[in-house]
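Open the model in your viewer and keep the sequence panel beside it. The stops below tell you what to select next and what is there.

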Amino acid sequence: MQYDVIVIGSGPGGYVAAIRCAQLGLKTAVIEKYSTYGGTCLNVGCIPSKALLDSSEHYHNAAHNFATHGISLSSLKIDMKQMIARKNDVIAQNTAGISFLFKKNKIDGYEGLGSFVDKNTIKITKNDGSTEEIKGKNIIIATGSKPTALPFLPVDKQRIITSTEALNLTEVPKHLIVIGGGVIGLELGSVYARLGAKVSVVEYAKSIIATMDGGLGKELQRVLKKNLGMEFFLSHKVTGATAKGKKVTVTAEDAKGQTVTLEGDYCIVAVGRTAYTEGLGLENIGLKTEERGNKITVNEHMETSVPGVYAIGDVVRGAMLAHKAEDEGIYVAEHIVGQKPHIDYNLIPGVVYTWPEVASVGLTEEQLKEAGKKYKAGSFSFKASGRAKASGDTDGFIKVLADADTDEVLGVHMIGPRAADMIAEAVVAMEYRASAEDIGRICHAHPTFTEALKEAALAATANRAIHA
């Protein structure tokens with residue numbers, strides 16, 4: 001065998017798996033069909049969207065909030081070309097970083113489409129049509145996902161677009177219609193709403209971010225409507241979209257079956273993502289994908305039904321999150337060399353990078369009620385936070401859910417400033433099976449946003465919040 005491990009795909013799951021394999025002394029290769037490493041996350045997903053979210057937040061603050069700080073501006077304008085250029089530079093820095101890490105760890109990189117000849121032989125088809133084959137003892141499939149397509153709603157990539165094209169618009173839409181009230185739709189909708197676009201969100205479920213704790217979706221909808229003027233059409237089933245010239249028409253049915261028509265100049269289709277397995281040649285090793293989501297079935301060790309062939313990240317069950325893929329990549333690398341790694345899927349946090357940010361870990365109130373679990377809930381509003389008042393970020397709250405008998409923290413759900421960073425404290429606490437009182441008795445620096453977590457924990461412990 002040429003390699004101990006061959007990784008197909010260089011997104012967060014793939015490149016992290018490769019680096020950990022190399023650290024453990026395994027001779028490792030990575031196959032990537034594109035000219036840059038990093039997969040969806042670094043090239044057309046997490047990283048570029050956060051770059052635009054930051055840029056648009058700066059503009060929005062300058063236009064709406066600087067005056068209250070005693071900062072006066074005139075002739076404020078948007079330079080979309082520069083904004084996109086900065087975003088592209090951020091991408092370049094990150095992808096170059098992976099190339100450096102591969103060289104540092106002596107990982108061989110191959111550019112081309114990897115496909116199975118047999119369970120140990122991978123054919124690499126290059127852009128010029130030429131092919132070569134490499135062999136490996138273990139194969140890790142880390143090919144990620146692509147935007148889900150609706151059969152009745154063709155994407156033309158000009159006016160009816162996916163998240164990929166939304167990252168490269170050269171103008172601010174006058175009216176942007178977003179199909180899907182999940183993480184991707186709300187983040188990209190926020191970008192353009194901050195820059196001045198009218199944004200309409202059409203969502204099939206009765207709430208936005210429907211998989212998260214119900215209180216978070218209600219608060220986020222309220223804040224996005226209040227601060228950015230976004231409008232929401234919930235419990236609406238999209239029936240079609242057409243583009244003619246610079247106009248897009250979207251039709252939907254409301255909860256009563258009545259037809260609703262929206263007209264805009266751009267429409268983002270953000271109804272989820274589907275596992276990407278096209279061209280892998282899975283049939284050559286006897287693997288089939290699941291009917292729902294096109295995912296690859298794996299066991300508790302991320303191994304497929306073919307020994308020595310593993311799959312991680314978006315192509316397997318569970319949430320489609322970069323950090324989940326990274327943990328799975330490390331898990332497989334350590335499992336291959338005989339270690340005993342562990343992942344607690346209940347403690348993988350979810351984040352929405354709107355402003356305020358939304359973050360969640362553990363069980364929701366809805367899940368606890370459905371399971372008949374007795375629990376206590378404590379909440380604390382950022383309106384009562386000294387740090388939030390100082391920065392003008394008083395929207396949102398933190399909710400702590402704890403076992404009614406043992407006080408063990410079962411879930412933490414937050415919407416507010418820097419929630420994406422603050423959730424880590426909750427994850428650490430829950431990894432060590434902390435009680436709400438444990439968090440409440442930990443000294444938090446003042447003034448900080450994280451004091452709100454302490455207060456929420458105290459509220460869950462005999463209603464002892466100090467500043468509520």
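Select Ile31. This is a predicted model, and here Ile31 has a relative accessible area of 2%. That is under the 20% cut-off, so Ile31 counts as buried. Colour by secondary structure and you will find Ile31 in strand β2, residues 28-32.

Now show what surrounds Ile31. Leave out residues up to four places away in sequence. Ile31 then touches Ile6, Val7, Ile8 and Gly9, among others. Its contacts also include Tyr110, Gly112, Leu113 and Gly114. Add Ile122, Ile124 and Ile134 to complete the set around Ile31.

Draw a distance from Ile31 to Val337. These residues are 306 apart along the chain. How far apart are the C-alpha atoms of Ile31 and Val337? They are separated by 21 Å.

**Next stop: Thr121**

Thr121 sits in strand β5, which covers residues 121-125. Is Thr121 buried or exposed? Its relative accessible area is 1%, so Thr121 is buried. Setting aside residues up to four places away, Thr121 touches Ser115 and Phe116. It also touches Glu133, Ile134 and Lys135. Ile134 is worth keeping on screen: it is listed among the contacts of Ile31 and among those of Thr121.

**Into a helix: Val191**

Go to helix α6, residues 183-194, and pick Val191. At 2% relative accessibility, Val191 is buried. Which residues does Val191 contact, leaving aside neighbours within four places in sequence? Show Leu52, Leu53 and Ser56. Now put a distance on the pair Val191 and Leu52. Their C-alpha atoms are separated by 6.6 Å, although their positions lie 139 residues apart in chain numbering.

**The annotated domain**

Select residues 3-329. An unreviewed UniProt entry annotates this span as "domain: FAD/NAD(P)-binding". The span is 31% helix and 26% strand. Mark its two end C-alpha atoms: they lie 17 Å apart.

**Two positive phi angles**

Select Asn294. It is in the loop between β16 (273-275) and β17 (309-311). Phi of Asn294 is about 65°, a positive value, although the residue is not a glycine. The relative accessible area of Asn294 is 24%, so it counts as partly exposed.

Jump to Asn463, in the segment after α13. What is phi here? It is near 55°, again positive in a residue other than glycine. Asn463 has 64% relative accessibility. That is over the 50% cut-off, so Asn463 counts as exposed.

**Two cis peptide bonds**

Centre on Trp355 and Pro356. A cis peptide bond joins them, with omega about 0°. Pro356 lies in the loop between β18 (350-352) and β19 (357-362).

Move on to His446 and Pro447. A cis peptide bond joins this pair too, with omega about -5°. Pro447 is in the loop between α12 and α13.

**Stay on His446**

His446 carries the annotation "active site" in an unreviewed UniProt entry. Where is His446? It is in the loop between α12 (436-441) and α13 (451-460). Turn on the surface. His446 has a relative accessible area of 63% and is exposed. So one residue brings together the annotation, the exposed position and the cis bond to Pro447.

**Zoom out**

Now show the whole chain. It has 13 helices and 22 strands. Its radius of gyration is 23 Å, close to the 23 Å that the globule rule gives for 468 residues, so the chain is as compact as a globular protein of that length. Along the principal axes, the C-alpha atoms fill a box of roughly 65 × 60 × 50 Å.

Colour by burial. Buried residues make up 52% of the 468 residues. Then look at contacts with a separation of 6 or more: 63% of them are between residues 24 or more positions apart.

Finish on the surface. The chain exposes about 21,800 Å². Carbon and sulfur atoms supply 51% of that area. How are the charges placed? There are 52 positive and 53 negative charges, and their mean positions are 3 Å apart.

Conventions:
Residues are numbered from 1 along each chain as its sequence is written. This is a predicted model: local features need pLDDT of at least 70, side-chain atom pairs count only at pLDDT 80 or more; totals for chains, interfaces and linings use all residues. Side-chain values use heavy atoms; hydrogens and water are left out. Helices (H or I, at least four residues) and strands (E, at least two) are DSSP runs, numbered from the N terminus. The radius of gyration is taken over C-alpha atoms; the globule rule is 2.2 Å times the number of residues to the power 0.38. Buried means under 20% relative accessible area, exposed over 50%, partly exposed in between (1.4 Å probe, protein chains only). Contact means heavy atoms within 4.5 Å. Accessible areas come from the Shrake-Rupley method with a 1.4 Å probe; for residues, only the protein chains shown count as cover. Lys and Arg count as positive and Asp and Glu as negative; His and the chain ends are not counted. The place of a charge is taken as NZ of Lys, CZ of Arg, CG of Asp or CD of Glu. UniProt positions are given in the numbering used here, feature names are shortened, and annotations may be inferred rather than shown by experiment.
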